[in-house]
Each structure stands twice: as structure tokens, then as C-alpha cells.
Amino acid sequence: MLLALGGCEGGRQGAAAGPVGVERIERGRVLLAQYQCGSCHAIPGVADARGRQAGALDGFGRRSYIAGRLPNELPLLAAWIADPHALVPTTTMPSMGASADDALAMAAYLHALQ
Ligand code: HEC
């Protein structure tokens with residue numbers, strides 16, 4: 001899967017949308033617990049993430065859409081996590097106050113879920 005190692009060091013200088021490192025994914029896992037996304041969502045591998053108010057996020061990396069309407073691409077997923085109402089004004093997901101950098105790490109973790 002995404003975590004395959006080796007042979008791609010040359011690609012690391014990309015911008016935010018470039019190759020995602022293992023460290024960022026691991027940081028995302030910690031942040032998902034810190035922001036308590038798991039109070040509403042069940043998220044595999046994240047401490048205490050067993051909420052049932054909103055949909056489970058297992059296998060999110062394989063999904064085509066975010067909230068049924070936005071293409072599931074990394075920058076868009078990060079933007080959703082940082083401020084869902086900016087993308088879908090009618091959504092019931094609250095803005096969690098995540099910085100752009102934290103949101104990108106959390107998005108990277110969710111994309112690594114296959
Ligand atoms: C108070 C409950 C609540 C919290 C806390 C919450 N969410 Fe959500 N989330 C929702 C709801 C409700 C939706 C469905 C929104 C919609 O369809 O418009 C949603 C949708 C999503 C989706 C899209 C799911 C799908 O099936 O396409 C993602 C990804 C997501 N949330 C990530 C997060 C992350 C990351 C956090 C923490 C930073 C978080 N959520 C915190 C309630 C919550």
C-alpha cells in the first residue's frame with residue numbers, strides 16, 4: 001500500500017500535495033486523537049475513536065467522495081478537515097479549529113486507510 005518504502009527519496013521535495021511521508025501519517029494519527037474526531041467517528045488505529053454520531057472512516061483512502069460530494073483528493077480532504085463549512089455550508093460537521101498543517105497530517109492518515 002501507500003507505506004511502501006525505498007527508492008523514492010528523489011520525490012520528497014514536493015509541495016503540500018506531493019508524496020506523503022510516513023512521519024506525517026503517524027503525526028496525523030496522534031492529531032486525530034488529540035482533536036477528538038473519534039467522539040463522532042470510528043477511525044481504525046486511533047485511540048478512543050469509536051463515535052457513532054457520524055460515519056466510520058475506515059477504508060477512507062479507497063473512497064471516491066468526501067461527504068458524498070467532494071472528490072476525495074488530499075488537498076481537498078485537508079481543507080474539509082480544517083473548515084468543512086467553507087466547502088459545504090450546510091454540513092453538520094463542526095469546524096474543529098485545526099491548522100492547515102494539522103489538517104493535512106490528519107488527511108494523510110485517513111488516505112492511508114485502505
Ligand atoms: C460533532 C461530531 C463530529 C466531529 C467531532 C467530527 N466530525 Fe467529521 N463529520 C461529522 C458529520 C456529521 C459528518 C457528515 C457531514 C456531511 O455529510 O455533510 C462528518 C464528515 C466527515 C468526513 C467525510 C466522511 C464521509 O463519509 O465522506 C470526514 C473525512 C471527517 N468528517 C473527518 C473528521 C475529522 C478529521 C475530525 C476531527 C478533526 C472530525 N471529522 C470531527 C461529524 C463530526
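A polar contact is a pair of N or O atoms within 3.5 Å. Keep that cut-off at hand for the exercises below, which work through a predicted model.

**Exercise 1. Find which residues make polar contacts with oxygen atoms of the ligand, and at what distances.**

Start with the backbone. A backbone N or O atom of Ala-67 lies 2.6 Å from a ligand oxygen atom, and this pair falls within the 3.5 Å limit.

Now turn to side chains. Thr-91 places a polar side-chain atom 2.6 Å from an oxygen atom of the ligand. For Arg-63, a polar side-chain atom is found 3.4 Å from a ligand oxygen.

**Exercise 2. Describe how the iron atom of the ligand is coordinated, and work out why the arrangement gets its name.**

Begin with the protein donors: His-41 coordinates the iron through NE2 and Met-93 through SD, at 2.0 to 2.1 Å.

Next, look at the angles. Six donor atoms surround the iron, and they subtend angles of 84 to 179°, which makes the arrangement octahedral.

Finally, place the two residues along the chain. His-41 sits in the loop between α1 and β1, and Met-93 in the loop between α3 (84-87) and α4 (100-112), so the pair ties together parts that are 52 residues apart in sequence.

**Exercise 3. Decide whether His-41 and Met-93 are buried or exposed.**

The step needs one cut-off: a residue is buried under 20% relative accessible area. His-41 has 14% relative accessibility, so the residue counts as buried. Met-93 has a relative accessible area of 19%, so this residue is buried too.

For the wider setting, 37% of the 114 residues of the protein chain count as buried.

**Exercise 4. List what surrounds the side chain of His-41 within the protein.**

Take the polar partner first: the His-41 side chain reaches the backbone oxygen of Gly-55 at 2.7 Å.

Then collect the contacts, leaving out residues up to four places away in sequence. His-41 touches Ala-49, Arg-50, Gly-51, Ala-54, Gly-55, Leu-57 and Met-93. Met-93 is thus a familiar name here, as it also coordinates the iron atom.

**Exercise 5. Work out which elements build the shell around the ligand.**

First, the overall layout: the chain has four helices and two strands, in the order α-β-β-α-α-α from the N terminus.

Next, the shell itself. Of the 22 residues around the ligand, those that come nearest are Cys-37, Cys-40, His-41, Ala-67 and Met-93.

Last, the elements. At least two shell residues come from each of β1, α2 (74-82) and α4, and α2 gives the largest share, with three residues.

Technical notes:
Residues are numbered from 1 along each chain as its sequence is written. This is a predicted model: local features need pLDDT of at least 70, side-chain atom pairs count only at pLDDT 80 or more; totals for chains, interfaces and linings use all residues. Side-chain values use heavy atoms; hydrogens and water are left out. Buried means under 20% relative accessible area, exposed over 50%, partly exposed in between (1.4 Å probe, protein chains only). A polar contact is a pair of N or O atoms within 3.5 Å; within protein, one must be able to donate a hydrogen and the other to accept it, and residues adjacent in sequence count only if both atoms are side-chain atoms. Contact means heavy atoms within 4.5 Å. Donors are N, O and S atoms within 2.8 Å of the metal (3.2 Å for Na, K and Ca); water is not among the atoms, so sites may look incomplete. Four donors count as tetrahedral if all angles lie between 85 and 135 degrees; four count as square planar and six as octahedral if opposite donors are over 155 degrees apart and all others between 65 and 115; anything else is irregular. A residue is near a molecule or strand if one of its heavy atoms lies within 4 Å of it.
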